[in-house]
Amino acid sequence: MKSQINTQGDMNESKLPIEAESEPATEAKLTPVPAVALLRGAGHVFDLLLFAFLTLIPLIYHTAANEAYNSVKWNLDIVEFLTKAYGASMIGLVLALTPLPIIYMRLFFKRLMKTPTPGEMIAGITSYSTAPGIEGVVQESLYGLAEYVICLFALVFAYIATFIIMYALGIVDLIFQNIGFTFQSDSLIIIVASIIFAGSFITAVGFGFVPHSREDIASFFDDYCQLTVKRLR
């Protein structure tokens, strides 16, 4: 009897380390919090740019159809070009500066199509309202408005960060010029500034959607708008 009890005790003790090790192993497979924030930030930025582009389709069409690239200069003449006979272009330009495109996008995909947005499919994380009727519409609209406000603050941050970093790089370039080296090139400056701006913008947007933890990937705005968040992969 004692040998059986000891044998069972040894078996139970041998199982404990295995069970204890299984939890950290599962947790290690989860995406780190900063990576989740950046993924969601990139997804939101993609949605914003995509639907801002869609609102500008009339302007792009009329510009191409009327050979505006050759006949219109990007100065005060562009105001006359937009307001003269292209009402649809002007409306699209105004809409692109408002939260309406991003709100409409969420309502279209979430309430009508019942699918994630294109940006969420790229990020692999989706958020959606489970509330029925008008309540769900309001929650999705509030979330779209939150995305718009976060993107506005992120835009300001990206401009400031780009200016500071490019100013610092300019000082470094002057130092190298004094010792006989130069890295200054207009195309290189544009490329570097664009990369810095895009990275700063995505990071700032992602900061607004930082998840609570690896397991709970919902952010403050998800909780505030009462949305459910889940991984797509």
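**Exercise 1. Which helices each supply at least two residues of the lining of the largest cavity?**

Solution.
- The model is predicted.
- Start with the count: there are two cavities of 30 Å³ or more.
- Take the largest cavity, with a volume of about 50 Å³.
- List its lining: Arg40, Gly43, His44, Asp47, Thr117, Gly119, Glu120, Ala123 and Ile125.
- Map these residues onto the helices. Helix H2 (33–55) and helix H8 (118–123) each supply at least two of them.
- H2 gives the most, with four residues.

**Exercise 2. Sort the lining of the largest cavity by class.**

Solution.
- Two lining residues are nonpolar.
- Four are polar.
- Three are charged.

**Exercise 3. Is Arg40 buried or exposed?** **Find its contacts beyond four places in sequence.**

Solution.
- Locate Arg40: it sits in helix H2. Arg40 also belongs to the lining of the largest cavity.
- Check accessibility. Arg40 has a relative accessible area of 4%, so it is buried. The cut-off for buried is under 20%.
- Set aside neighbours within four places in sequence. Arg40 is then in contact with Ala123, Ile125, Ser127, Tyr143, Phe209, Ile217, Ser219, Asp222 and Val229.
- Compare with the cavity. Ala123 and Ile125 are contacts of Arg40, and Ala123 and Ile125 also line the largest cavity.

**Exercise 4. How many disulfides are there?** **Then classify Cys151 and Cys225 by burial.**

Solution.
- Apply the cut-off: a pair of cysteine sulfur atoms within 2.5 Å. The count comes to zero disulfides.
- Cys151 has 6% relative accessibility, so it counts as buried.
- Cys225 has a relative accessible area of 3%, so it is buried too.

Conventions. Residues are numbered from 1 along each chain as its sequence is written. This is a predicted model: local features need pLDDT of at least 70, side-chain atom pairs count only at pLDDT 80 or more; totals for chains, interfaces and linings use all residues. Side-chain values use heavy atoms; hydrogens and water are left out. On a 1 Å grid over the protein atoms alone, a cavity is a set of points where a 1.4 Å probe fits but cannot get out, and a pocket is an open set with protein on both sides within 12 Å along at least five of seven lines; lining residues have an atom within 4 Å of a point. Grid points are joined across faces, edges and corners, and a volume is the space filled by probe spheres set on the points. Ala, Val, Leu, Ile, Met, Phe, Trp, Tyr, Cys and Pro count as nonpolar, Asp, Glu, Lys and Arg as charged, and the others, Gly among them, as polar. Buried means under 20% relative accessible area, exposed over 50%, partly exposed in between (1.4 Å probe, protein chains only). Contact means heavy atoms within 4.5 Å.
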